[in-house]
Amino acid sequence: MGCSKWRAAFNFGHLKVHSKLPVFFTMIILFIYLFYCLNGYCESLPRPVYDQRSNLQTKIIFKDGQETEQLGAYNASPVSFVREQLSDLTNSDPPSNNISIANNFGSKKFPQAIIIGVKKGGTRALLEFLRIHPDVRAVGAEPHFFDRFYEKGLEWYRNLMPRTLEGQITMEKTPSYFITKEAPRRVFSMSRHTRLIVVVRDPVTRAVSDYTQTLSKSPGLPSFQNLAFRNATTGLIDTSWSAVRIGIYAKHLENWLRYFPMSRFLFVSGERLVTDPAGEMGRVQDFLGLKRVVTDKHFYFNQTKGFPCLKKPEGSSRPRCLGKSKGRPHPQIPSEVLLRLRDFYRPFNLKFYQMTGHDFGWDQMATHQSS
């Protein structure tokens, strides 16, 4: 009888041990699960990009085809972080030492601002200076949509644009838009709120610079004076020559003012873009509603080229200057030819000053001998 009671007690205890073991192991599993969840290892969905600052891998693709990866913490704000990943180095037509960052962030939008002119006025310099700004995303090459490829459609045009984040501005520049008759109506059809930037320069110097560029590509070109005058004896200017026609700024501006109010325009001085790039860039950033990020600390004057250059950016072995096509020496043009041309432009200049409310002082300056 005693043995039976002992055996029953033993079996009951054995059952208690077996019933406690699953509870014990379950508690251990729950504890481990909670520990991992609290440390972020069990999330079923990926975190947002800006929440992965400490472990985001950014793929860098170099022009020679080699690849590497950057890995590291980032302590800036979420928006600043993403914008840095989408730096302007992805734009087309970059300097030779630029790299491109592969990304799919943001969306492609129609440009909110366009540099519409003028050729040989300083549009390339302005675009390169603007591309320093983290809130500017610009197409490097000239799309020529509103003058050459309009039949391809707006969707084709939008697909040319770089991806932008909220708060960033999409831009492009095509200097020939300013003199294209159909361009104002076409831009207006895309958006009546587009901001328009025109870089203007002394029309006489601009014409000589335009001729110098063409001469470098076609050495057999007739002389400047032969192209500028219909009749050298009477001094009648040939306005059908594009180098002369572009400089009649007042005429082209009238065409644009049929569609856009003056408040949508900013006129940048090509001369001041050389002598005071930070000052002109301040005006441009204000016009675009941007914080003044691009300042005098970004520039130095290159005495050889006669143009301002961008100081050496981080990760680069040399400063960024405009290409060899900038700063060409001008051919010698007879002074009487330049004076006749200056007389021709004077009334158009005065009208342009009146229209824009700004005296650019071209009639008081000497003709510069650099492109």
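**Notebook: strand 5 and its surroundings**

I began with strand 5 in this predicted model, and I noted that 4 bridges join strand 5 to strand 9 (residues 195-200), the two strands running parallel. To place one position of that pairing, I looked up Ile-114 and found it opposite Leu-196 in strand 9.

I then turned to the pairing with strand 8 (residues 169-173), where I counted 3 bridges to strand 5, again in the parallel sense. Here Ala-113 is the residue I found standing opposite Met-171 of strand 8. Is strand 5 mostly covered or mostly open? I checked residues 113-117, which make up strand 5, and recorded 5 of 5 as buried, so by the cut-off of under 20% relative accessible area the strand is mostly covered.

Next I followed the chain into the loop between strand 5 and helix 3, where I located Lys-120. The UniProt record, an unreviewed entry, places the feature "active site" at Lys-120. I wanted to know whether this residue is buried or exposed, and I wrote down a relative accessibility of 9%, so Lys-120 counts as buried.

My next entry concerns helix 11 (residues 277-287), of which 8 of the 11 residues are buried, so the helix is largely enclosed by the rest of the structure. Among the buried residues I listed Pro-277, Glu-280, Met-281, Val-284 and Phe-287. What covers them? I found that the cover includes helix 3 (123-130) and strand 9, together with strand 12 (265-269), helix 10 (270-275), strand 13 (299-302) and strand 14 (307-310). After helix 11 comes Gly-289, for which I noted a positive phi, near 75°.

I also looked at the surface, where a nonpolar patch of about 600 Å² is made by Leu-21, Phe-24, Phe-25, Ile-28, Phe-31 and Ile-32. Of these I looked up Leu-21, which lies in helix 1 (residues 2-38) and is partly exposed, with a relative accessible area of 41%.

Last, I took down the totals for the protein as a whole. I recorded 12 helices and 14 strands, and I noted that buried residues make up 41% of the 371 residues. Of the contacts with a separation of 6 or more, 69% are accounted for by residues 24 or more positions apart. The protein exposes about 20600 Å², and I noted that carbon and sulfur atoms supply 56% of that area.

How values were computed:
Residues numbered from 1 in each chain as written. Predicted model: local features only at pLDDT ≥ 70, side-chain atom pairs only at ≥ 80, totals over all residues. Heavy atoms only, no water. Buried < 20%, exposed > 50% of the residue type's maximum accessible area, 1.4 Å probe, protein only. Pairing = 2+ DSSP bridges. Contact = heavy atoms within 4.5 Å. Patch = residues over 30% accessible without salt bridge, like charges linked within 9 Å, V, L, I, M, F, W, Y side chains within 5 Å. Areas by Shrake-Rupley, 256 points an atom, 1.4 Å probe, with all protein chains shown as cover. Salt bridge = Lys/Arg side-chain N within 4 Å of Asp/Glu carboxyl O. UniProt positions renumbered as here; feature names shortened; annotations may be inferred.
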